[in-house]
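Me: Please take me through the nonpolar core of this protein with care, as I am new to the structure. Please then show how the remaining parts are placed.

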Amino acid sequence: MVFTMIGGGAHRLLSTVRHAIASGAFREGGELRFYDLDAARAQVMAEMVRKSPEYRANPAEIAVRWELTLEQALEGADVVSVTLLAGGAYAMNLSSELGWSYGFLGSDNVSFPGAFLALRGAPILLNVARVMERVCPDAVLLDFANPVGVLSCMVSTYTKIRCYGICEGHNNHAFDLTRLLTGEDRFEPGYEVLVAGVNHASFITEGSLGGENLFSLLDRRLAEVEDPIGAIEFSPYTGEIPRRWMRFGLSKILSLYRERHALLFSGEADGFSHYFHEDALVWHGEAPGHDGELLSDDAMRRLAEANAADRAARAAANAEFEALSRRPADDIPWFDPARHVFCSAVNGDVQSRIVTALSGAAPFRVAVSAPNTGAVENLARGMALEYSHTADASGLHPIGGLRVPEGVYGMTASLAAHQTLLARACYTGDPRDLHEALLAYPIGADTAAARALWKKLLIASSDTIAPSYQGLADILK
């Protein structure tokens with residue numbers, strides 16, 4: 001197997017590759033290719049992989065390459081992944097703060113700021129797909145760049161490449177449900193679930209644990225324990241702020257289950273907050289002012305300070321990672337739980353498990369974003385959805401007979417329509433298509449606040465999106 005990683009300097013990929021090797025994806029050998037605009041980061045990643053205990057113990061040779069052009073990185077690949085934040089963290093954070101300042105969600109996915117992130121990422125994904133059409137047309141493309149539902153739909157609909165959006169939230173239910181069912185803050189690998197919806201707002205349509213019906217288990221727990229969230233004993237590695245967010249998210253998972261008879265698959269805030277919009281705004285806290293060109297002067301100053309601190313933290317993390325790469329292999333703390341982003345291969349992420357399945361080592365049931373093939377029976381074909389597939393040596397195969405729960409159907413259909421239309425706008429570059437996609441967003445799209453936000457997002461994104469989209473300003477006059 002040849003596995004190419006675009007954005008190959010991303011630290012999280014070390015855990016991905018280690019788990020894939022340990023799971024047998026490269027039992028017969030193969031090749032790992034790390035492509036990054038910063039070639040030095042790709043080289044450090046390659047050196048860490050070659051020192052890892054999983055690589056050294058693999059029964060067959062694995063070639064590791066990093067000094068590559070994009071075309072060389074993609075030539076003959078079997079699986080390609082893309083991990084990046086288009087436009088950089090500052091552009092995303094500015095867009096998110098603008099969203100909150102106008103009374104909308106601010107995020108990198110299911111939101112108005114997420115829509116503009118799609119415009120920034122689309123040319124990158126399209127370029128990768130066009131090169132793949134020439135040099136590895138049969139390869140599978142895994143998009144880890146948000147918004148994954150939009151970008152995977154665009155590539156799959158408008159190119160010849162099979163593209164699937166993947167999300168680390170795939171593992172969230174194995175933590176969240178365990179916290180609710182047992183009070184323990186741990187990963188439980190035994191859940192068997194079927195899923196349908198949109199990324200960050202998908203729902204479990206069928207499920208079991210240890211042969212027992214998942215919904216029956218949850219009903220029993222709720223009948224026996226008055227406050228299942230208060231009963232959770234969090235891991236010492238979970239900080240207080242993450243605990244607060246987890247409690248908030250778990251409370252909304254339970255509200256959706258009790259009130260709408262729908263069990264959320266993954267508790268990302270910008271997904272479930274569409275059902276609790278006012279609560280989300282209150283929970284977020286005081287929004288920045290927007291009385292300046294973009295935000296207020298004070299808000300822009302605080303954002304610049306936060307961006308400088310983030311850049312410093314990233315530089316420190318890169319330096320630490322590089323320093324680790326220079327140590328002898330046996331002196332690297334490969335299994336230190338405090339360094340899980342860098343070094344541990346516990347659980348395996350969604351990317352490593354798909355790669356392992358595609359290698360033929362072990363089939364894997366996975367929820368990915370892709371245009372609906374008809375597998376989700378109560379939503380239209382071609383819509384940008386997240387739903388269950390089986391991954392094996394011959395590819396990813398939709399699991400049929402899925403239906404979005406009735407209590408969340410309207411919101412799901414609207415979000416899917418918004419993301420499907422946005423995929424078209426990302427491909428065409430037409431501001432009229434963008435306008436139609438924004439109007440399809442289900443919360444507040446017909447308000448003056450939304451139109452004012454779109455204008456500000458155009459200004460904030462002027463250096464990072466195609467100039468043609470500035471025509472939206474004329475449409476909004």
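Reply: The largest nonpolar core holds 160 residues. A nonpolar core is here a set of buried Ala, Val, Leu, Ile, Met, Phe, Trp, Tyr and Cys residues joined through side-chain atoms within 4.5 Å. Buried means under 20% relative accessible area, exposed means over 50%, and partly exposed lies in between (1.4 Å probe, protein chains only). The residues with the most contacts inside this core are Leu 32, Phe 34, Leu 74, Phe 112, Leu 141 and Ile 354. Helix 6, which covers residues 112-135, gives the most to this core, with 13 residues. Helices (H or I, at least four residues) and strands (E, at least two) are DSSP runs, numbered from the N terminus.

The model is predicted: local features need pLDDT of at least 70 and side-chain atom pairs count only at pLDDT 80 or more, while totals for chains, interfaces and linings use all residues. Residues are numbered from 1 along each chain as its sequence is written, and side-chain values use heavy atoms, with hydrogens and water left out.

Phe 112 offers a close view of the core. When neighbours within four places in sequence are set aside, Phe 112 is in contact (heavy atoms within 4.5 Å) with Phe 104, Leu 438, Tyr 441, Ile 443, Ala 445, Ala 450, Leu 453, Trp 454 and Leu 457. One of these partners, Leu 438, is a buried residue of helix 16, which spans residues 431-439. Pro 431, Asp 433, Leu 434, His 435 and Ala 437 are also buried in helix 16. The buried residues of helix 16 pack against helix 6, helix 15 (409-428), helix 17 (448-460) and helix 18 (471-475).

Helix 1, residues 12-22, is mostly covered, with nine of its 11 residues buried. The buried residues of helix 1 are Leu 13, Leu 14, Ser 15, Thr 16, Val 17, Arg 18, His 19, Ala 20 and Ile 21. After helix 1 comes Gly 24, which has a positive phi near 100°.

Several loops deserve attention in turn. Pro 147 is located in the loop between strand 5 (140-143) and helix 7 (148-158). The peptide bond that joins Asn 146 and Pro 147 is cis, with omega at about -5°.

Two histidines can be set side by side. His 200 lies in the loop between strand 7 (191-198) and strand 8 (201-209), and His 261 lies in the loop between helix 10 (240-260) and strand 10 (263-264). His 200 has a positive phi of about 75° although it is not a glycine, and His 261 likewise has a positive phi, of about 55°. His 200 is buried because its relative accessible area is 7%, whereas His 261 counts as exposed because its relative accessibility is 67%.

Ser 273 is found in the loop between helix 11 (269-272) and helix 12 (277-284). With a relative accessible area of 4%, Ser 273 is buried. Apart from neighbours within four places in sequence, Ser 273 is in contact with Leu 105 and Ala 280. Ser 273 and Leu 105 are 168 residues apart in sequence, and their C-alpha atoms are 8.0 Å apart in space.

Gly 210 and Glu 226 are exposed loop residues. Gly 210 lies between strand 8 and strand 9 (212-213), and its relative accessible area is 74%. The C-alpha atoms of Gly 210 and Glu 192 are separated by 8.7 Å, and the two residues are 18 apart along the chain. Glu 226 is placed in the loop between helix 9 (214-224) and helix 10, with 80% relative accessibility. The C-alpha atoms of Glu 226 and His 418, 192 residues apart along the chain, are separated by 38 Å.

These parts belong to a protein with 18 helices and 13 strands. Buried residues account for 56% of its 477 residues. Among contacts between residues at least 6 apart in sequence, 71% join residues at least 24 apart. The C-alpha atoms fill a box of roughly 60 × 55 × 45 Å, taken along the principal axes. The protein has a radius of gyration of 22 Å, which agrees with the value near 23 Å for a compact globule of 477 residues. This radius is taken over C-alpha atoms, and the globule rule is 2.2 Å times the number of residues to the power 0.38.
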